[in-house]
Amino acid sequence: MTTPEKSRSVAIVGAGPVGALMAVYLANRGWNVHVYETRPDMRLPENKAKIQNRSINLALSTRGLTALKGTGLALDELIMKSGLPMRGRMLHIGDEGHLVSQDYGVHGECINSVDRAKLNEDLITAAEELNNVKVSFNLTLKRADLDKGTLALENKETKEIISAHADLIIGCDGAYSSVRNSLMRYVRLDFGQEYIPHGYCELSIPAKVGADGKPEFAMDPEHLHIWPRHKFMMIALPNPDKSFTVTLFMPFANFEMIHNEGDLLNFFEQYFADAIKLMGKDLLIKEYFKNPKGSLVMVRANPYHYKDRCIILGDAAHSMVPFYGQGMNCGFEDVRILDSLLSEFNVKSTKVGESDNSLALALEAYTDRRAKDLKAICELALYNYTEMRHGVTSPVYLMRKKVESWLHLLVPSKVIPLYTMVSFSNRPYSEAYARHHKQGFWLSVAGAAVGLGTAAGLLVAGWKQRRQLKDAAGLLKAAFLTAAQSAQKLVQ
Ligand code: FAD
């Protein structure tokens, strides 16, 4: 007698971007999917004001787009209909906001500014349109019994506890994950949570009125704008309504020094004078004092799964600081990689008897293969904060970037800029990280050689011209610093 086949059911906790995308992937495989979300349905107009999103827009890049495309439902195209491509950084340097453009890639590659709420809503709608997906709102997971596959969920309005059952529980419930809390009781889960001393506050630059009376962007919309101020920074991403969402990142200690309008305007006049003109003083004051000051948390966990019963994905498994614009992209990649492992281990949508341990093997392989990549991107995200607020203004950094771009054009198989590997490829993060280190020494040497050569040339050519001498001195300094760094690396 053959054992009757049992359809696999999955409970996804959290209908954020990662949970909604996971629902689509598993529904495509024929699983019965139930998504439980603590917030009310954000698509209903009456709920819009109730929902406080972490950021208004986000940067979507290759890894995220690849995972969206992988649904086979053209979700990448749907999301990109309102996405705005940004081909580089626009640095606002010094008091007067002198503009310097730095392309992200040598072939015109772009990251894309997308509306976080719209992206999330579109993904929930795409999931709900599949007949084997159900999404329930206003239900908060309180506890999960992973061996029994039961979930205790609280109705936020009535406070009633309802119970649900699923063969697999997937935690996509963000940095403060309840599923992860349950998982800790079943596996020896290494876990770490760290707040960086910096927080953020969202502001905006409204559209300006164009000559024809229509709204226009107040700055170049094809760039992610950065005001690097060494210990802190401000960034701005364009929106389809021609406004920019601005995020001020700085230590909480600095936020705490701003008590009133006078303090705020003094601070902005000192560091972001050009931005005040674009924002308008009244709007700046209103938004700065009204908007929350968000904290930035890093979460690391390992393993990510328990038998064939539970797995955590997205921020629940690896919340990172937002400076590489990879948090959601990486979460989407989690989904794509888990899906590919379900195929690799031949996990069927039905479970055939107790001897079918294909799902347990697939989840185990996920933890084994994904851990080093998640560790790498969390480190890179933190590193990129220093680069964005400080590194981008250093002559050594700029010279290295130039040399790196030239070498990438000349020998693309040998030298690939780190940003290109992280944002414009699906290469595993750990490989990108390792390759960057390997390339680093030779880049420093090449940078120093180019710097010394250029400086020497300038010295010879511009002996009588003070301005060029100044340039040459700057380049020489940069070249020597680069050479010194190279030597240090060699010694290490
Ligand atoms: P979340 O978005 O946190 O979603 C979790 C969902 O679970 C939520 O809907 C929540 O309500 C629900 N939930 C929580 N607890 C429960 C519970 N107990 N029961 C039921 N439901 C629950 N990433 C990028 O890729 N690019 C960027 O440019 C970028 N910019 C960022 C800027 C800022 C300022 C910040 C803070 C983050 C940024 N990120 C960016 C990171 C990105 O926001 C996250 O990585 C992404 O939102 C993670 O998605 P998620 O679905 O895993 O988690």
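**Strands, helices and what they are called**

Me: Strand 13 and strand 22 (residues 310-312) run parallel and are joined by three bridges. What makes them a pair?

Reply: Two strands pair if DSSP finds at least two bridges between them, and strand 13 has three with strand 22, so they qualify. Within this pair, Ile-170 has Ile-311 of strand 22 as its bridge partner. The model is predicted: local features need pLDDT of at least 70, side-chain atom pairs count only at pLDDT 80 or more, and totals for chains, interfaces and linings use all residues. Residues are numbered from 1 along each chain as its sequence is written, and side-chain values use heavy atoms, without hydrogens and water.

Me: Which other strand is joined to strand 13, and in what sense?

Reply: Strand 2 (residues 9-13) is joined to strand 13 by four bridges, and the two run parallel. Here Ile-12 has Ile-170 as its bridge partner. Ile-170 thus takes part on both sides, with Ile-12 and with Ile-311.

Me: Why is strand 13 said to be covered on both faces?

Reply: Leu-168 and Ile-170 on one side, and Ile-169 and Gly-171 on the other, are all buried, that is, under 20% relative accessible area (exposed is over 50%, partly exposed in between; 1.4 Å probe, protein chains only).

Me: How many residues of strand 17 are buried?

Reply: Six of the six residues in strand 17 (residues 223-228) are buried. His-223, His-225 and Trp-227 lie on one face, while Leu-224, Ile-226 and Pro-228 lie on the other.

Me: What are the partners of strand 17?

Reply: Strand 6 (residues 88-93) runs parallel to strand 17, with four bridges, and Arg-89 has Leu-224 as its bridge partner. Strand 18 (residues 233-238) pairs with strand 17 in the antiparallel sense, also over four bridges, and Pro-228 stands opposite Met-233. The hairpin of strand 17 and strand 18 has four residues between the strands, and His-230 there takes a positive phi near 65°.

Me: Why are helix 1 and helix 5 called roughly parallel?

Reply: Helix 1 (residues 17-28) and helix 5 (residues 116-128) pack at an angle of about 25°, with their axes 8 Å apart. That makes helix 1 roughly parallel to helix 5, because angles under 35 degrees count as roughly parallel (over 145 roughly antiparallel, 65 to 115 roughly perpendicular, the rest oblique). The crossing of these two helices is left-handed.

Me: Which residues of helix 1 and helix 5 meet?

Reply: Among them, Pro-17, Ala-20 and Leu-21 of helix 1 meet residues of helix 5 including Leu-119, Asn-120 and Leu-123. By class, this contact has ten nonpolar residues, one polar residue and no charged residues.

Me: What makes strand 4 and strand 5 edge strands?

Reply: Three strands form an open antiparallel sheet in the order 4-8-5. Strand 4 (57-60) and strand 5 (84-86) each pair on one side only. The twist from one strand to the next averages 35°. Strand 4 is joined to strand 8 (residues 111-115) by four bridges, with Ala-59 opposite Ser-113. Helix 5 packs on this sheet, touching strand 4 and strand 8, and its direction makes about 80° with that of strand 8.

Me: Where are the edges in the sheet ordered 10-11-12?

Reply: This open sheet of three strands has antiparallel pairing. Strand 10 (139-145) and strand 12 (161-165) each have a single partner strand, so one side of each has no neighbour in the sheet. Strand 11 (residues 150-155) is joined to strand 12 by five bridges, and Leu-151 has Ala-164 as its bridge partner.

Technical notes:
Axes fitted to C-alpha atoms, helices over the stretch in contact; angles between N-to-C directions. Left-handed = near helix turned anticlockwise from the far one by under 90°. Contact = heavy atoms within 4.5 Å. Nonpolar A, V, L, I, M, F, W, Y, C, P; charged D, E, K, R; others polar.
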